[in-house]
Amino acid sequence: MRVRKLVKFAALFGLMFALAWGATAQTEWPGPDTAAIGKFQEEEQQHSHVMEVVGYLSDVYGPRLTNSPNIREAADYAVKTLGSWGLANVHQEPWGPFGRGWSNDLFVANEIAPRHFPLIAYPKAWTLGTPGAITAEVVYAKIEKEEDFGTFRGKLKGKFVMTAPLRAVEAQFEAPGHRYTDQELAELAQPRPVQPPPDQGTRDRLTAQQQFNQKLVKFLTDEGAAAWLEPSPHDGGTITVLGGGSRDPKEPFVLPRVAVAIEHYGRIFRTLEKHIPVTLTVNIVNKFYDENLDSFNIVAEIPGTDKADEVVMLGAHFDSWDSGTGATDNAAGSAVMMEAMRILKVSGLKMRRTVRLALWTGEEEGLLGSRAYVKEHFADRQSMQVKPDHAKVSGYFNVDNGTGKIRGVYLQANDAVRPIFEKWMEPFAVMGMTRLSVRGTGGTDHVSFDEVGLPGFQFIQDPIEYEPRTHHTNMDVYERVQEADLKQMAVIVASFVYMTADAEEELPRKPLPKK
Ligand SMILES: [Zn+2]
């Protein structure tokens, strides 16, 4: 009895001690290093390279579809630039297979009858081009279900085919650009309102729609249609353009698929409704690249001092969709992260941990590059087998929500980092960074770290014109990038990375997820 009591007491005392020690350890996290932050700000104000990098990535190399010739050339530029800044261990790290590359080398689409006008339109990635310039009529084939195939079998060969009905276009009463108000930020900091998951019926309808679309693509390809004209989401000349075929070399090619601005789709559609034939001339040169099916991530480092075997990572995806120049998604984020590395290096400040930049590819197809990297180095999210280096990652910081400046951090439900980030954020309140959100956010590369229990964070960024203006559209171009916002981001990212790299401890983690 007595012995047991003693053990109990000792255990209780031990627990209290551990709790007290834990609490002290937490309060001992240092605040922001204002001298270092001052250095970063000074460098960014006086000698910024951030817009130069955005300019090269977007204007010079253009859209950076994964495994396209553009992205490979842009990567060589990034490696050369990072090397010229004196960063260590700069290289491309292969991962794969991703699949074939694709590029659009020529696109001309004009209505030639009853009137002449050029179409605002773009080819979808991984679709075929035309065999030279094709002049043919447009057919509206109202195909909404498999039973409709029979009606049009044998009637579409050599034609430009429209299958989608016309949708209404509303006036735009709201300005496209927006910064978060204090109230919006406060709401964003709260847990996401609970939404019921989509019911079985909705999910079934979605799956059925996807399956039908695949059958429709195959039907139109087999029927020998000259091209499939599809109305794009959005309006005002802004159009969303994604992929339309497979990057898997074992999959068959699909017919030319063209995303058309709703206004021009509408003009052709309404003309046909009046029983006036419409003729187009379309010439598309698309190329596929099968020589190297693997892709790569770009890596660069600043070696640490006494904790050099531990790392702080920062990253952004380097790839984009094809129609614009991937300026806000995500040349902006890539340039910010490269610039953060540059100002950390130029500052000459020593950091205890190694700082590692990673610019990912294959993000747009499902976070493929960052997931491959995390699996190779840290942990397998399927088996939840962790590698030794899993213990050596203090944190990962990501920028991929457009051009908007940083307003806070999504904590990804890792509430133990809140008191640390709260302090680190203080000097940036004057620059608009004021909120930590308990929420997680998805859809980009910090998820690859978070899902294996590593502290991965995406910053809260002002939406600016992201939706619907630039995100995956033909208008994601240099003009939409806000220089002052990018500079603010570079300074904040450099500061958070610096403080993480130089801290006594690694950032607190959530429990390891179950497999
Ligand atoms: Zn993105």
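For the purpose of sorting residues by class, Ala, Val, Leu, Ile, Met, Phe, Trp, Tyr, Cys and Pro count as nonpolar, Asp, Glu, Lys and Arg count as charged, and the others, with Gly among them, count as polar. By this scheme, the lining of the largest pocket in the structure, which is a predicted model, has 15 nonpolar, 12 polar and seven charged residues. This pocket has a volume of about 910 Å³, and of the 34 residues that line it, Asn213, Gln214, Val217, Trp228 and Arg257 lie nearest its centre. Two or more lining residues come from each of the elements α7 (200–223), β7 (227–231) and β8 (257–260), and among the contributors α7 gives the most, with 10 residues.

The second largest pocket has a volume of about 690 Å³. It is lined by 32 residues, of which Pro463, Tyr466, Glu467, Pro468 and Arg469 are the closest to its centre, and helix α13 (residues 466–470) gives the most to this lining, with four residues. By class, the lining of the second largest pocket consists of 10 nonpolar, 13 polar and nine charged residues. Two of the residues named at its centre, Glu467 and Pro468, are joined by a cis peptide bond with an omega of about 0°, and Pro468 has its place in helix α13.

A zinc ion is also present, and its protein donors are His317 through NE2 and Asp329 and Asp400 through OD atoms, with Asp400 listed twice, at 1.8 to 2.7 Å from the ion. In sequence, the donor residues follow the spacing H-x11-D-x70-D. Asp329 lies in helix α9 (residues 327–347), whereas Asp400 lies in the loop between β15 (393–398) and β16 (406–410), so the pair ties together parts that are 71 residues apart in sequence. The arrangement of the four donor atoms is irregular because the angles they subtend around the zinc ion run from 51 to 148°, while a tetrahedral site would need all angles to lie between 85 and 135 degrees. Asp329, with a relative accessible area of 3%, is buried, and Asp400 likewise counts as buried at 5% relative accessibility.

Asp329 also appears in the lining of the largest cavity, together with Ser320, Trp321, Asp322, Ser323, Gly324, Thr325, Gly326, His472, Thr473 and Asp476. This cavity has a volume of about 60 Å³, and the structure holds three cavities of 30 Å³ or more. The lining of the largest cavity has one nonpolar, seven polar and three charged residues.

Several features of the backbone may be set beside these sites. Most residues other than glycine have a negative phi, and most peptide bonds are trans. A cis peptide bond nevertheless joins Gly96 and Pro97, with an omega of about 0°, and Pro97 is placed in the loop between β1 (88–95) and β2 (101–113). His234, in the loop between β7 and β8, has a positive phi near 75° and is partly exposed, with a relative accessible area of 23%. The side chain of His234 is joined to that of Thr240 by a polar contact of 3.1 Å. Thr240 lies in the loop between β7 and β8 and is buried, since its relative accessible area is 14% and the cut-off for buried is under 20%. Gln412, in the loop between β16 and α11 (418–425), has a positive phi near 55°, and at 7% relative accessibility Gln412 counts as buried.

How values were computed
Residues numbered from 1 in each chain as written. Predicted model: local features only at pLDDT ≥ 70, side-chain atom pairs only at ≥ 80, totals over all residues. Heavy atoms only, no water. 1 Å grid on protein atoms, 1.4 Å probe; cavity = no way out; pocket = protein on both sides within 12 Å on 5 of 7 lines; lining within 4 Å. Points joined across faces, edges and corners; volume = space filled by probe spheres on them. Donors = N, O, S within 2.8 Å, 3.2 Å for Na, K, Ca; no water. Tetrahedral: all angles 85-135°; square planar, octahedral: opposite > 155°, others 65-115°. Buried < 20%, exposed > 50% of the residue type's maximum accessible area, 1.4 Å probe, protein only. Polar contact = N/O pair within 3.5 Å; in protein donor to acceptor, adjacent residues only side chain to side chain.
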